[in-house]
Structure formats: structure tokens, C-alpha cells
Amino acid sequence: MTREEVFERLNKVFREVFDDEDIVVGEETTAKDIEDWDSFEHINLVVAVEDEFSFKIPMGKVVTMKNVGEMADIILELGK
Amino acid sequence: MTVTSFGFLGLLAAGVAIYYCAPKKIQWIVLLGLSMVFYYYAAEPFTIIFLIISTATAYITTNLMPCASERIRKHISGIAVMGILINAVLWFALKGSSFWLAGARALQRLIPDLNIPVEGTLVSALGMGYYTAQVVGYILDCYRGVSIPQRNPIKLFLFVCFFPQLTVGPISKYSQLQSLYEGHRFSYSNLCFGSQRILWGFFKKLVISDRVGIIISAIWADAGTYTGFWPWCAVLLYPLQIYTDFSGCMDIVLGAAELFDIKLPENFHNPFTSRSVQEFWQRWHITLGIWAKDYVYYPVLKSKVLVSLGRWTKKHFGKRGAKLIPWAVGMGILWFVMGFWHGSMRHILGLSAWYWIILVLGELFAPVLKKLIQFLKVNTECYSWKLFQRIRTYVIFAFGTVFFAAPGFHAALERYKILYTSLKNLNPWIFFDGSILNLGVSWMDVNLVIIGTYLLVKVAYLRVHYGYARIWIQKQILPFRWLLWIVLFLLVLIYGLYGAGYDASQFIYQGF
């Protein structure tokens with residue numbers, strides 16, 4: 001799985017979770033860039049990412065990830 | 001010894017001198033020594049044993065994690081749970097005594113022949129609620145791989161007992177306090193910033209909070225006489241009292257740590273600028289909120305039960321239901337834990353339940369309100385609308401604090417009743433005829449509270465634009481800077497309300 005593929009699938013997940021077809025996420029995208037991304041939606045997002053990529057993200061990663069780039073790093077690491 | 005006592009200031013002065021004279025490698029030992037001296041004078045010395053037990057459990061459990069053999073590795077979660085349970089049980093036995101004493105009273109009523117002790121409180125360790133939360137967070141961080149376990153038990157003990165934060169927090173994460181173990185070189189700017197912050201904390205506590213406290217106490221002490229607008233004044237002034245008390249203490253604590261070049265996490269970020277209750281709780285007692293979010297809210301939301309509930313509600317109630325119902329359940333558990341941490345049923349039933357209901361109602365009616373605002377073409381970005389939202393948030397917070405300020409649950413309900421009945425007897429002239437002077441304060445006191453409140457607003461404004469008011473002050477010309485600090489110092493010295501032995505009264509949040 002390439003980084004580009006991960007971002008493509010992440011865009012799909014973000015659009016589904018935030019109900020917004022115009023969302024395009026990048027390496028530096030954070031919760032500040034998406035209006036509804038609060039602590040509740042953060043977990044919703046993590047669960048949706050887990051469903052999309054079929055693995056569990058440990059809580060240690062959930063609480064420390066700073067932006068979507070880090071989320072992609074975690075996905076690539078866990079998906080090896 | 002409280003953090004507003006002369007003893008504490010003396011300890012700080014001596015501590016700073018010894019700390020910067022000591023070689024960098026052993027500076028953390030100086031901090032440990034200072035913490036022990038502070039504990040000896042601030043609490044029952046023998047209760048240090050509870051801090052030692054907490055440290056020992058955290059040390060043993062976390063150090064078992066990385067070196068665990070394959071056979072033990074699968075039991076790592078059990079090891080973490082064990083460490084957390086020991087600390088939680090210890091906290092519950094001592095700090096949560098009001099819960100089990102209530103249970104004992106109920107049992108006594110059922111079986112009158114039993115002669116079990118049902119009154120009183122137990123001696124507990126200083127700041128037990130704060131350091132227990134830190135230890136639990138540390139164990140979980142190590143379990144989650146966020147922190148590396150500390151191999152030196154004495155260094156870990158310093159994380160638990162670092163003296164400025166033992167009184168009222170903040171609840172720091174282990175990763176935030178690594179500078180405890182690093183050597184620091186003396187810096188004039190740290191000395192200035194730390195002292196200035198301590199002075200500002202003294203001003204908030206001794207000049208504003210304690211004066212407002214006199215007015216509020218006098219009103220509630222004679223609620224039969226002070227009717228009409230008086231109880232409303234008491235309720236609406238309480239946020240000012242508790243904010244200047246709690247955040248004033250935090251300023252002293254953070255300033256004291258800054259003297260040693262240690263940055264503790266902030267607990268307040270202009271809470272009264274919040275435009276919603278949700279935003280307010282992200283700006284008030286921030287470290288408790290983050291603790292509850294990271295170690296309670298997130299795991300609950302990500303649990304199988306809540307994820308399944310989310311899927312079920314999405315199927316039956318659509319996307320909105322899928323958000324609202326699991327969110328309300330998660331928030332309910334979060335608020336229950338926060339109320340429980342405060343250590344009494346009135347905090348759970350009153351304080352937590354009140355804010356939880358407000359938050360749920362806000363979320364439930366958010367779409368309706370949004371449509372109404374659009375229909376009425378309200379400009380939501382104009383100053384007056386933002387001001388309205390801020391006042392609304394303040395009033396909602398003030399009403400919730402009745403449970404916090406009253407001596408018990410029934411007393412709080414009684415106060416709500418007084419608020420309601422007092423509406424039948426409105427007396428607007430009390431604001432103009434000098435009646436306030438009957439409450440044990442003079443015009444000078446009233447003026448000092450008004451000036452103090454103005455300064456609070458000014459500092460909040462500077463914080464928004466400059467990060468900290470001190471940064472703005474630092475940019476001013478020398479005579480202005482010195483004049484400002486000297487005036488503040490004199491105000492504290494002359495108008496600070498000192499208690500017995502010239503020590504300030506206790507802090508409201510010190511009991512946790």
C-alpha cells in the first residue's frame with residue numbers, strides 16, 4: 001500500500017464521517033481545519049479508519065497523533 | 001503551610017538559591033528535598049506513606065511491562081489494572097469517605113443494633129486527588145507505550161510529590177514533567193516571570209477572591225434578611241470568587257515551578273470568554289478535562305459496547321442519532337468520573353448532572369437553534385451576539401456552582417428555592433443605597449473588587465493578543481514596567497486579606 005493510496009482511502013473515510021464531499025486531507029491537516037472534528041468525532045474517525053483498513057489502532061497512537069500525516073504513518077506501520 | 005504563606009515564600013527563596021548553586025546532576029534531588037520540607041509543614045507528615053505506596057505501585061507495575069517475558073506479556077493489561085486499582089482503592093478509602101460513610105449510615109438505619117462509625121473524615125495525603133490522577137495516567141501511558149517507565153524509583157517519587165503542584169494540581173502527565181530531571185542554569189527572565197506570576201496569583205486570591213468571598217458568605221449566612229436580588233448577586237458573583245481563588249493559586253503554583261525553570265501545564269485559558277458550555281470546560285480546569293478525556297472518555301467511546309451502540313443507533317435513528325446517543329452516554333460517564341473525583345454525591349448529582357443535562361440539551365436543540373438564528377437573520381459574528389453567548393455561558397456556569405458552593409446537596413436545593421422565592425421581593429435599590437456596606441465590606445473593598453475585575457479583563461485581553469500579559473509588559477519602557485509591578489506589590493501588601501498569623505485563608509480547591 002502506497003502513501004497516496006492511504007490518503008485516497010482516508011479522503012473517503014473523512015467524507016463519510018464528516019458528511020462533506022469536498023473534504024481533501026493532506027499531511028498537515030489537523031482538527032482545526034475541519035469544523036466538526038471534536039474529541040467525539042476523533043474516535044468516530046478512528047473507528048471508521050479501523051473498519052476501512054481492517055486493523056485496530058492502539059489507544060497510545062489515538063491520543064498522540066497530531067495530524068493526518070501521522071495517521072497515515074500509523075496506518076502504513078500497522079498495515080505492513 | 002499554604003502556598004500563600006510567608007513560610008512558602010521563604011522556602012521558595014531558599015530553594016532557588018540552593019537549586020542553582022547545586023550541580024545540575026543533583027538539582028532534582030534538591031527539588032525532592034524541598035518537596036519533603038513542604039510536605040512536612042503543609043500536611044500530616046506520616047501521610048507521606050500514601051505517596052510512597054502510590055509511587056511503589058506505579059514503579060513496580062510499569063517496570064514489569066517492558067521486561068515482561070512472553071509468558072507475562074499477555075497479562076500486561078492485568079498488571080496495569082492492578083496498579084490502577086490499588087491507587088483507586090486507596091483514594092476511595094480516604095478521599096471518597098463521604099461515599100462509604102453514606103453507605104454506613106444507610107446500613108446503620110437498616111440494622112440499628114450495629115454500632116459502626118458513621119461520622120467524620122479520615123486523614124488523607126495532601127493533594128491526593130491530584131497525584132493519584134497523575135499516577136493512574138502515568139501507568140496508563142506506560143501501558144499504552146506513550147511513556148517509557150522511569151527506572152529510578154526516587155525520580156518517580158519526585159514526579160508524584162513535586163511540591164508546588166501538591167496543593168491544587170495541575171494534573172501533569174509524566175511526559176510534561178521531564179524537565180524535573182534535567183539540569184537548569186539560572187536565568188534572570190525565569191526569576192522575573194516566575195515572581196511576577198506569583199505576585200499576580202497573590203493579587204487574585206488575596207485582593208479579589210477573599211473580598212468577594214466576604215460578600216457571598218454574608219448573604220448566605222443570613223438568607224432570611226438578604227432577599228430579593230441579594231441571593232442572585234451571591235450566585236452570580238461566585239464564579240468570580242472561585243476563578244480568582246483557583247486560578248490565583250494556579251498562578252502561584254506555575255510561577256513557583258517557573259522559578260526552577262519547570263513549565264507546568266496551564267489549567268485555565270480565559271474561561272469567561274467561552275461562547276458555549278462545551279468551550280468553557282475546555283478552558284476551565286484544563287488538566288482534569290484532558291485527563292478525563294484521555295483516560296476515560298476515549299476508552300469508553302472506543303469500547304465495543306459504545307461502538308456497537310453507535311452502529312445500532314445509526315441504523316435506527318440515522319447519522320444524527322448515531323452521534324447524539326453514544327456521545328451523550330460517553331459524556332455522562334466522563335461527567336460522572338469528574339464528579340466522583342470531587343469526592344461527594346452532591347458533586348455527582350448536582351454539578352455533573354447539571355452540566356451534562358445542559359450539554360445534552362444544547363446538542364439536542366442545536367439544529368433548531370441554528371435554523372432559528374438563520375430565520376431571524378442574526379449576525380453571529382457581531383460583538384453583541386458574542387457578548388450574549390459569553391454572558392449566557394457565565395450564567396449557566398454560575399447556576400451549576402450552587403452545588404459546589406453549598407455545604408451539601410440539600411443545602412444547594414434550598415439555595416435554588418431561595419433564588420426562586422426571592423423573585424417575589426425584588427429590591428433594585430440595593431445597588432444604589434449603600435446596602436452592600438452592611439455585608440462586612442467598605443466602599444474601598446467594593447472599589448478594589450471593581451478595579452481587580454477590570455484588571456482581570458485587561459489581562460485576559462492581553463493573553464489573547466500577546467500569549468501572556470507579562471510578554472506585553474516586558475515590551476514596555478523600564479519605568480512603566482517597574483511602576484506596574486510595584487503598584488501591584490503594594491496593592492497585595494496593603495489590601496491583601498491575610499488570615500490568622502498573616503497567612504491567607506485556605507483555597508477552595510485545596511480539599512481535593
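**Figure 1. The exposed face of helix H5 of chain B carries Ser77(B), Gly78(B), Leu85(B) and Val89(B)**. These exposed residues sit on the face of H5(B) turned away from its buried side. Please keep in mind that this and every other view shows a predicted model.

**Figure 2. Seven names to look for on the other face of H5(B): Ile79(B), Ala80(B), Gly83(B), Ile84(B), Asn87(B), Leu90(B) and Trp91(B), which are buried**. They share the same side of H5(B), because the arc they cover around the axis is only 130 degrees. What lies over the buried residues of H5(B)? The cover includes two helices of chain B, H3 (48–64) and H7 (128–144).

**Figure 3. Helix H5 of chain B, seen over its full run of residues 76–94**. Its 19 residues, at 1.5 Å a residue, should span 27 Å, and the end C-alpha atoms are 28 Å apart, so the expected span and the model agree.

**Figure 4. Chain A is built from 4 helices and 0 strands**. Follow the chain from the N terminus and the elements read α-α-α-α. The C-alpha trace spans about 30 × 25 × 20 Å along its principal axes. How does the radius of gyration of chain A fit that of a compact globule? Chain A has 11 Å, and a compact globule with 80 residues would have a value near 12 Å, which agrees. As for burial, 25% of the 80 residues of chain A count as buried. Contacts that reach along the sequence are worth a look too: among those in chain A between residues at least 6 apart, 55% join residues at least 24 apart.

**Figure 5. Chain A meets chain B through 12 residues from chain A and 14 residues from chain B**. On the side of chain A that touches chain B, helix H2 (39–53) and helix H3 (59–64) of chain A each supply at least two residues. What is the make-up of this side of chain A? Its residues divide into 8 nonpolar, 3 polar and 1 charged.

**Figure 6. Two domains of chain B, as given by the domain assignment: domain 1 (6–185) and domain 2 (187–268 + 427–501)**. Their C-alpha centres lie 30 Å apart. Where the two domains of chain B touch, domain 1 gives 16 residues and domain 2 gives 15 residues. Which helix gives the most to the domain 1 side? That is helix H1 (residues 6–21) of chain B, with 3 residues. The residues on the side of domain 1 of chain B that touches domain 2 divide into 8 nonpolar, 7 polar and 1 charged.

How values were computed
Residues numbered from 1 in each chain as written. Chains lettered and ligands numbered in written order. Predicted model: local features only at pLDDT ≥ 70, side-chain atom pairs only at ≥ 80, totals over all residues. Contact = placed C-beta atoms within 7 Å. Nonpolar A, V, L, I, M, F, W, Y, C, P; charged D, E, K, R; others polar. Domains from an automatic or database assignment. Rg over C-alpha atoms; globule rule 2.2 N^0.38 Å. Buried ≥ 20, exposed ≤ 12 C-beta atoms within 10 Å, placed from the backbone. Expected span 1.5 Å × (residues − 1). Arc of directions from axis to C-beta.
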